[in-house]
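Work through the exercises below with the sequence and the model side by side. Try each task before you read its solution.

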Amino acid sequence: MQLAINIAVLAAIYALIACGYVLIYRVSRVLNLAHGELMMLSSYLLLTTASLFSGNPLIALGVAVGLSLCVGVLVYLFLMRRMTGEMVLAAVLTTVALGVLLRGLVVLIWSAQQQNPAQALGWVNYSLPVFGGRISAAGAGLIMTTALVYVGLFLFLRFTRYGIRMRAAGQNPLLAAQRGISLHVIYALAWGLSTLTGALAGILISLDSGLDSTMVLIGLKAFPAALVGGLDSLAGALIGALIIAAAEVLMIYYVDALLSDVVPFLVLILMLIVRPWGLFGTREELDRV
Amino acid sequence: MSNREPRASGYFRSSYDQGLRLVETRTQWTSLILFLAVLGIFPFVASSFQLDLANQVFLACIGSVALMLLTGYAGQVSLGHAGLIAAGAFTAGILFKEFGAKFWVTIPAAAVIGALIGLIFGLPSLRLRGLYLAVSTLALHFVVVYLGGEYETKRGFSTGIVIDVPRIGDFVLRDRKIWYFVLFAFAAAALLISLNLLRSRTGRAWAAIRSHETIAEALGIGVPAQKLLAFVISSSMTAVAGALFGYYRGFVSVEAFSLFLSIQYVAMIIIGGMGSILGAILGAVFVTLLPYAIEYAVGLLPNARSYAGMLAAFNYAAFGIVMILFLVFEPQGLVGVWRRVQNYFLLWPFKQKPLGGGRK
Amino acid sequence: MSALLQVEKLEVVYGRAITAIQGITLNANKGEIVALLGTNGAGKTTTLRAISGFLGLDDARVTEGAIHFKNENLANRPPYLITKLGIVLVPERDKVFPNLSVVENLAASVPASGADRKRLEEMTFAFFPKLAELRARTAGLLSGGERQMLALASAIVCGPELLLVDELSLGLAPVVVEDLAQRLVEIRNQLGITILLVEQNAAVALSIADRGYVLENGRVVLDGDATRLKNHPDIQEFYLGGAGERRSYRDVKQYRRSRRWYG
Ligand SMILES: Nc1ncnc2c1ncn2[C@@H]1O[C@H](COP(=O)(O)OP(=O)(O)OP(=O)(O)O)[C@@H](O)[C@H]1O
Ligand SMILES: [Mg+2]
């Protein structure tokens, strides 16, 4: 039972991170390899807001998440906007460079020591009993947040005007512009939302298990989840996360703990061999990149 | 009668043979010889620290030229270069530890293993392109590094494998000066192999594949075979660089082959300038020396002591910024800058923009 | 009174060398339907691209001349702002979002400033009752004619004052084309929209148009009232019947002269 709970928590983590990859890829065909770093940045922002609004953990949380949204929008406006229309790979490499830059900046600003945002907020990460196993409060929060985010994103993309425009821009940017959609607004929105979901993931992970640069690796390991499900499908990301998480937890448990960092990538390679466009992805995507 | 023909200044090829020559003009010969002379004298005037820098640059050159062949010429993107370097280093380390193999066995062995792994890295390229290929190489990088780590822990070398100083006969490769010449020889060999490949049929096939795969196929180029060949050659060269790296350090450990190393190699070819061997070399020099330049710059800051622990962070930040600047403002890289400067002086005092892109 | 759309001596160059349009002057008044005729490659699509601001994507530039809409110069405006200003293009192909449903396609359109989205959506369903039946259908599964309807409908939701329609009849059955052409007239009558219609099918285009221009090799070679064009011997030969032996207009000089007379 504990195993199932572990899988659920890990899947929630991966799914929450993976939807950030999917959002950006879906509207602009760019793979954001700085997602892990942006996530880490958001968690560090929480550290700062926690000390600014000490005594008001909820406000601190809200401000940190809001700031992350702004960071995402700013990244698009000041950096990625210049790369629209360039080769997709140049854009992807730009995100790689951004990631490296952020890694440096985070250490310069907050130092490299392991931090504990939960403590800074004055929260204790209780361990709760469920179905004959235990789950940490932050872990439970993760599962609930992921569920909420996915429902929210689904409703947003399906029923709101901006959501529909985002999907439209992803399908045919040229036609979208002809229908009066400002692509820059849509792309900025996608970056903002993606960073926001990443921030939620990063913050919850750091509340659960502390904060240092290993966060980046978690971000990177979630990326196979997005790809296994199909880079342009949200439902796919959810399933992909579940597959990767299950594979990882079971391998660690039954085979070897060292495998933890490599299992997602093994699954990824397997998927690329069998069905490169992912479980739910659109097939012609492959030729476009 | 030739008096009456219009004359233009500059070097123009008048036969196809000229296009295939390695060194074409007298100016090029002179500068090449001068350059070699400088490289030959350097170890005798340089300090030990400077020699170390030069050696690192040579090592980086092999790797970046290899990556340039693959990405800049054959158009196959790889984010797993560090994995191949790791493969080479571990081949040398494991053969040494397990069988006490000699330098002249391990280096060719690294080349062979590199070629094999290159084949594996290359297989996805038969189905995948661009982004997806990059991702698959990224994944393979993690697999190789995992295998290395697994070996380390299982055999109890959890901090890394120590390799003895290699000797060839009575010749002990300990001195940095000797290493300088060995590494220089390897780098020069890599360079010559690459240049020769590029002016051969293979090079032209790669260029065709890079510009358009389907058309290359229609032209009768065996696209799958050529792609795999690009992977094999590039990986083999990279693995040799990795093995040399292991020997030079005297120590092999997975920590040295992080994703960041792959990023650094990609940065070398971007910063140097895609599709140019000269670019690969310039990029290798730049990226290798950048951390030292930063260390120096940080040292100049007031109360430099307090920043000493943050050097790595400064490195990351500066490296990221430099990479972004090149990607956004100078996609042609250092070679582009170099050509512009060259044209400026060639055309001086005229300020017109040359129409053609420049030479070679 | 100056026209709603004025294109003056427009010259467009693709890349550095291909001059696709060499000095076109045309205008469209409020509430008019203006037909733009010409053989393949005459430069019709390019003209529409220039007006709607999409030249940059194909590495093309306006090298000469200007385009004014409501007396505003359109140079250097990003496409989506031109749409907001009230010029909407229905492109030749890829005219709907294939993975969105019909209603979602309509919802994706951003109305021009001041346009009443609710009313526009209702009107489009009145113009194209068929779309109301197909509301929930995925656009990629629609037939060519239904797609064209959807494209026109989503363009109308943008609340245009000037509608640019490229190749209304592309790949459609003649009956459907005539039906759609009648819808265009209705749309014009009810909404007062000006329509610039690019067509290969000169008979249909001239039957609904008020005026027309004929392009060849990037130049206007004929223009005038639709009825006059319809009866013009060259049009008769090239567009409405067999062209016989001739491959060029009979007398461009005569055209120039006649232009002076008709004004
Ligand atoms: N993207 C492009 N790059 C270069 N030349 C182009 C491009 N698009 C069009 N052209 C050239 O410009 C000229 C005009 O093309 P345009 O598409 O405007 O013709 P058209 O009148 O719309 O023809 P059709 O009836 O076939 O659609 C043609 O000679 C064409 O070859
Ligand atoms: Mg056309």
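**Exercise 1: Get to know chain C**

Chain C has 11 helices and 10 strands. The model is a predicted one.

Task: Find what share of the residues in chain C is buried, and what share of its exposed area carbon and sulfur atoms supply.

Solution.
- Step 1. Take the cut-off: a buried residue has under 20% relative accessible area.
- Step 2. Apply it to the 263 residues of chain C; 53% of them are buried.
- Step 3. Turn to the outside. Chain C exposes about 11800 Å², and 47% of that comes from carbon and sulfur atoms.
- Step 4. Look at the contacts in chain C with a separation of 6 or more. Residues 24 or more positions apart account for 68% of them.

**Exercise 2: The surroundings of ligand 1**

Task: Describe the shell around ligand 1 and state which element gives the most to it.

Solution.
- Step 1. Count the shell. Ligand 1 is surrounded by 16 residues, and among the closest are Asn40(C), Lys44(C) and Gln200(C).
- Step 2. Sort the shell by class: four residues are nonpolar, seven are polar and five are charged.
- Step 3. List the polar contacts made by oxygen atoms of ligand 1. A side-chain N or O atom of Gln200(C) is 2.6 Å from one. For the side chain of Glu92(C), the distance is 2.9 Å. Gly43(C) uses a backbone N or O atom, also at 2.9 Å.
- Step 4. Check the cover. On its own, ligand 1 has 630 Å² of accessible area, and the protein covers 68% of this.
- Step 5. Assign the elements. In chain C, β2 (18-28) and α1 (44-52) each give two or more residues to the shell.
- Step 6. Name the top contributor: α1(C), with four residues.

**Exercise 3: A closer look at α1(C)**

Task: Decide whether α1(C) is mostly covered or mostly open, and say what follows this helix.

Solution.
- Step 1. Count the buried residues: eight of the nine in α1(C).
- Step 2. Name some. Lys44(C), Thr45(C), Leu48(C) and Ile51(C) are among the buried residues.
- Step 3. Conclude that α1(C) is mostly covered.
- Step 4. Move past the helix end. Gly53(C) follows, with a positive phi near 85 degrees.

**Exercise 4: Two interfaces of chain A**

Task: Describe what chain A buries with chain B, then with chain C.

Solution.
- Step 1. Start with chain B. It brings 37 residues to the contact, and chain A brings 42.
- Step 2. Take the area. These two chains bury about 3500 Å² between them, with 83% on carbon and sulfur atoms.
- Step 3. Find the main residues on the chain B side. Arg127(B), Leu131(B) and Tyr132(B) supply 21% of the area that chain B buries there, more than any other three residues.
- Step 4. Go to chain C. Here 28 of its residues are in contact with 17 residues of chain A.
- Step 5. Take this area too. It is about 2000 Å², and carbon and sulfur atoms give 59%.
- Step 6. On the chain C side, Tyr80(C), Phe97(C) and Glu104(C) lose the most area to chain A, together 30% of what that side buries.

**Exercise 5: Place Val267(A)**

Task: Is Val267(A) buried or exposed?

Solution.
- Step 1. Locate Val267(A): helix α12 of chain A, residues 263-274.
- Step 2. Read its relative accessible area. The value is 18%, so Val267(A) is buried.
- Step 3. List contacts beyond four places in sequence. Val267(A) touches Val228(A), Ile243(A), Ile244(A) and Ala247(A).

Note on methods:
Residues numbered from 1 in each chain as written. Chains lettered and ligands numbered in written order. Predicted model: local features only at pLDDT ≥ 70, side-chain atom pairs only at ≥ 80, totals over all residues. Heavy atoms only, no water. Near = heavy atom within 4 Å. Polar contact = N/O pair within 3.5 Å; in protein donor to acceptor, adjacent residues only side chain to side chain. Areas by Shrake-Rupley, 256 points an atom, 1.4 Å probe, with all protein chains shown as cover. Nonpolar A, V, L, I, M, F, W, Y, C, P; charged D, E, K, R; others polar. Buried < 20%, exposed > 50% of the residue type's maximum accessible area, 1.4 Å probe, protein only. Contact = heavy atoms within 4.5 Å. Buried area = accessible area lost by both parts, 1.4 Å probe.
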